[in-house]
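User: I should like a close look at one helix in this model, with some account of the sheet elsewhere in the chain. Please explain it in terms suited to a first-year student.

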Amino acid sequence: MKSVRSSFVIIVGLGGVGSHAAHMLVRSGVQKIRIIDFDQVSLSSLNRHAVAIHADVGTSKAACLVKHFKEIAPQAEVEAMVELFNIDVADRLLSGNPDYVLDCIDNLNTKIDLIKYCHDHKLPIISSMGAGAKADPSRIQIADVSDTSEDPLARATRQGLKKKGVDSGVTVVYSTEKPGKVKLLPMEDEKVDEADQYAALPNFRSRILPVLGTLPALFGMAMASFVICQLGDFEMQPLPTKLRPKTYENILKNIKMNKKPEDGDLQITAQDIGFVLEEIYFGKSLLSGSVEKEKVILTRWDSSKPYKIDNLVALTKKEADDHANIPFSKVSTHYGKEFVAKVERKLQNIRDVNKWRE
C-alpha cells in the first residue's frame, strides 16, 4: 500500500472507461493522479460516467472528477488538464515520470500516438480497446496487443502500431465478444453535408456507437485493478481467453492430413480453428453436445467442397468419421431438416463475423 500511495498515475481520456479507472485508482489509495480530457460531460454520457450527476452536464469532465474526488478522497492530489492530447504536447502532458499511464482515448490516431510515445519513452502503459456496442462482461480480457482477436479497434491499433515499429509489449483491455451485432443508425439526409457540425472537434467522429454503460465501467475497473497490482508489486497473471493452442494445432494437422490435392492451398489457420471451435460451437459437438466424453474436432460439413472456415462443423471424432461416409446429398435424410438448418445457421454466423476478423 505504501507503494500504491506514493505512485503517480496519468489517465488520458475521462469518458466511460477513463472516469471509472481514475475513480477506482483514487478510491484504492493512489495519492497523485493527473487527468486529461478536452471534453465536457453530456447528457448522453451520464449512463456510463463514474461520478457525474445531472448538474455536471456542460462542465469539463476533468473538473467534474476533481470536484467529486475531493469528496471521496480529500487527501489525493488531483491535477486536471482540460486539453486534447496530441503528440505535439505529449512532453508536457506526460511529464513528471509517471509510474503508469492509462490510455482511455477512443480516437484511433491519437491512441496510437499516445501508445507509441509511451513505448519510446519507456513509460508503462495500459490501453483500452473498444467498449462500445458490447454487452457481454464475461468476454473482457487483458492481454498484450499482439495477442488480441475479434476486436476491430484492437486490430486497427495493432496495424497502426506495427507501421510505427511497435509489434508487441503493450498491455490492453479488450473484449472477445463478436462484433457487428450493433450498428449506427444512418445519419439523416439533411445532416450529412454538415456532419462536421456534430463532431466534438474537426476530423473527429460525428456519431458514437451505442454504449451499454456497464461495459466501459468494467473496462475501466479492469484497467485500474491491473495497474494497482502492478504498482503494489502484487503478482497477477491475466488469464488468456483461449487456453488450448495445442488443440487447435492438432485439429489443423488433422485437416491438413485429410485435405485432397484438388482442394488447393489451405486458407485456414490455427487462430481460425480457435475462433470457430470456441466462438461458434463453444467447444461442443453440434450434434451431441459432447465436450468431455469424446474429443471434439472440426470437419467439413459439405464433403464436396474444400476445407474453408465457413464449411466447418464441430463433431466428436467418431461423429466426424461417420459423417465423412455420408454423401452430402443425403445429409438431410440422415440428420433431419432441423439439424441441417442448425448447421447452416452456424455457417452463416461464421460468414457474418469473419469479415470483422483479421
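User: On the other side of helix H11, which residues are exposed?

Analyst: The model is predicted. On that side of H11, the exposed residues are Lys318 and Ala324. The helix itself covers residues 317–324, and its buried residues are Glu319, Ala320 and His323. Viewed down the axis of H11, these buried residues fall within an arc of 100°, so they line one face of the helix. Here a residue counts as buried when its relative accessible area is under 20%, and as exposed when that area is over 50%. The buried residues of H11 pack against three elements: strand E8 (296–300), strand E9 (312–316) and helix H12 (331–335).

The sheet may be described next. Seven strands make up an open sheet with mixed pairing, in the order E3-E2-E1-E4-E5-E7-E6. At its edges stand strand E3 (77–81) and strand E6 (140–144), each of which pairs on one side only. From one strand to the next, the twist averages 20°. In general, strands of a sheet pair through backbone hydrogen bonds, in either a parallel or an antiparallel manner. Strand E1 (residues 8–12) and strand E4 (residues 100–103) pair in the parallel sense, over four bridges. Within this pair, Val9 stands opposite Tyr100 in E4. A helix also meets this sheet: H3 (residues 61–72) lies across strand E2 (32–36) and E3, and runs at about 165° to E3.

Conventions. Residues numbered from 1 in each chain as written. Predicted model: local features only at pLDDT ≥ 70, side-chain atom pairs only at ≥ 80, totals over all residues. Heavy atoms only, no water. Pairing = 2+ DSSP bridges. Helix = DSSP H or I, 4+ residues; strand = E, 2+ residues; numbered from the N terminus. Axes fitted to C-alpha atoms, helices over the stretch in contact; angles between N-to-C directions. Contact = heavy atoms within 4.5 Å. Buried < 20%, exposed > 50% of the residue type's maximum accessible area, 1.4 Å probe, protein only. Arc of directions from axis to C-beta.
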